[in-house]
Amino acid sequence: MTGAATKTMTEPMSTDPHTPTAVIGACAENLHEARRSGRAIPQLTATTSLTLDDAYAVQAAGVRLRMSAGERVVGAKLGLTSKAKAEQMGVADVIIGVLTDAMHVPDGGLLDISRGVHPRIEPEVAFRLGRAVDTSAPDADLRGAVDAVAPALEIIDSRYQDFRFTLEDVVADNTSGSHFVIGPWTELGEGSATQLLDRAVEMRVDGRVCATGSTTDILDDPWQALPTTARLAARYGQVLPAGAVLLAGAATAAVPLPAGARVTAEVAGLGTVSVSTAPGAETAEMTAEPGQAHTHD
Ligand code: OOG
Ligand code: MG
C-alpha cells in the first residue's frame, strides 16, 4: 500500500452509517490522480468500506472533477452485460458509467496509450439518443429515443493494480472507462438496424482475430441495454443529453491493447470500426503484467 496516490487512504475508514463526503471526495481524488498519472493504485476497498451507493457517489465525484477541468458528459456505458466479461473480471452485476467528450476517439483515429495504466480493448454495440431523456424515472422510454445504432470499440483501463477489483471498486473507477470509438451510425429504419440478435462480433488486432462473439451475448439482446440504463441512470443520477451515446457492453472478453497496433471490430450487418495506437508507447504496467487475461486464439 505505498505510492503518492494513496496518501489520503492510510487509515481504514468505515462507511457506517453514512460514508462522510470527505471520504468519498478523497477516493475520487485518488482515482482521478491515478488516471492522470497512469500509476495504478491499490483497490479502494482494501482500506475503505464502500457500499454500492458509496461507489456510485465516488464515480459521480470523479465526473465532477473532470467537468471542472472542462469535460462534458456525452453519454453512458454499461459494463458486465455479457457472460464473457463477467467471467473475465469475476464480477457479475451490470454496472453503469459515464462517457465524456474527452474519452471520444474518432473512428479510424490514433490513440496515445502511453499515459494509460494497462489498457484493454473490447467490441461493443452503441446506441444514439435522438433527443434528451429525463432519466429521473426508472421506466423512462430510452428505447423510444434511440435513433441510430453502430459498432463500437471501448478502451477500458482500470486504475487498480493488476486490473483487479471488487464491484464497488470498479463502479467507483467509472467502470474502467478510458476511451470509446464509434463506427458508422445506421439510422433506425435503414435496413434491419432494429434487429440486433445473433449478429457475429469479431475483433482483430493487426488483422489477427483476437475475440469473437455474438450480439446476443449482450444481455441476451442489446436492446435490453435501454431499460437497464433507464433503471440504473434513475437510481444513480446519470444524465443523457440529446445525441448521447450509450455503450451496451462488450460482447467478448477484453484483450490487452498494445502500442503501434490497429484494432478493428466488425458487427455483422452494422459495419466496422477501427482505432490505431501510437507506436513505441507501451505503458510501464503492461510490460509488468504479462499474465493478464486475454482471449487470443
Ligand atoms: C469493467 C468494465 C466492463 C463491459 O463492457 O463489460 C465493461 C472492466 O472490465 O474493467 O466495460
Ligand atoms: Mg465495455
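Directly after helix 1 comes Gly38, a residue whose phi is positive, near 75°, and this is a convenient place from which to look back along the helix in what is a predicted model. Helix 1 covers residues 21-37, and because each of its 17 residues should account for 1.5 Å, the expected span is 24 Å, which agrees with the 24 Å that separate its end C-alpha atoms. The buried residues of helix 1 are Val23, Ile24, Cys27, Ala28, Asn30, Leu31, His32, Ala34 and Arg35. When reading such a list, it helps to remember that an α-helix has 3.6 residues a turn, so residues three or four places apart point the same way. Among the elements that cover the buried residues of helix 1 are helix 2 (52-68) and helix 5 (167-172).

Helix 2 can be read in the same manner. Its 17 residues should span 24 Å at 1.5 Å a residue, and since its end C-alpha atoms are 25 Å apart, expectation and model agree. Asp54, Ala55, Tyr56, Ala57, Val58, Gln59, Gly62, Val63 and Arg66 are the buried residues of helix 2, and their cover includes helix 1, strand 1, strand 2 (95-100), helix 5 and helix 6 (225-236). After helix 2 the chain reaches Gly70, which has a positive phi near 105°.

From the helices we can turn to the strands. Strands of a sheet pair through backbone hydrogen bonds, either parallel or antiparallel. In this model, five strands form an open sheet in the order 4-14-13-9-10, and the pairing within the sheet is mixed. Strand 4 (109-111) and strand 10 stand at the edges with a single partner strand each, so one side of each is left without a neighbour in the sheet. From one strand to the next, the twist averages 20°.

Two antiparallel pairs in this sheet can be followed residue by residue. Strand 9 (residues 200-205) and strand 10 (residues 208-214) are paired in the antiparallel sense over 6 bridges, and in one of these Val201 has Gly213 of strand 10 as its bridge partner. The two strands form a hairpin with 2 residues between them, and Asp206, which lies in the turn, has a positive phi of about 50°. Strand 13 (residues 262-267) and strand 14 (residues 271-277) also run antiparallel and are joined by 6 bridges, with Arg262 standing opposite Ser276 in strand 14.

A loop residue can also sit inside the fold, as Thr135 shows: it belongs to the loop between strand 5 (120-129) and helix 4 (142-145), yet Thr135 is buried, because 22 other C-beta atoms lie within 10 Å and the cut-off is 20 or more. Leaving aside residues up to four places away in sequence, Thr135 touches Ala140, Ala230, Ala233, Ala234, Gln238, Val239 and Leu240. The C-alpha atoms of Thr135 and Gly237 are separated by 7.5 Å, although the two residues are 102 residues apart along the chain.

The surroundings of ligand 1 bring several parts of the chain together. Of the 16 residues around ligand 1, those that come nearest are Gly79, Lys85, Ser176, Gly249 and Ala250. Strand 1 (73-79), helix 3 (83-89) and strand 6 (146-156) are the elements that give two or more residues to this shell, whose residues divide into 6 nonpolar, 6 polar and 4 charged.

Seen as a whole, the protein chain has 7 helices and 14 strands, and 48% of its 297 residues count as buried. Of the contacts between residues at least 6 apart in sequence, 78% join residues at least 24 apart.

Technical notes
Residues are numbered from 1 along each chain as its sequence is written. Chains are lettered from A and ligands numbered from 1 in the order in which they are written. This is a predicted model: local features need pLDDT of at least 70, side-chain atom pairs count only at pLDDT 80 or more; totals for chains, interfaces and linings use all residues. A residue is near a molecule or strand if its C-beta atom, placed from the backbone, lies within 6 Å of it. Helices (H or I, at least four residues) and strands (E, at least two) are DSSP runs, numbered from the N terminus. Ala, Val, Leu, Ile, Met, Phe, Trp, Tyr, Cys and Pro count as nonpolar, Asp, Glu, Lys and Arg as charged, and the others, Gly among them, as polar. The expected span of a helix is 1.5 Å times one less than its number of residues. A residue is buried if 20 or more other C-beta atoms lie within 10 Å of its own, exposed if 12 or fewer, and partly exposed in between; C-beta atoms are placed from the backbone. Two residues are in contact if their C-beta atoms, placed from the backbone, lie within 7 Å. Two strands pair if DSSP finds at least two bridges between them. Axes are lines fitted to C-alpha atoms, for helices over the stretch in contact, and angles run from 0 to 180 degrees between N-to-C directions.
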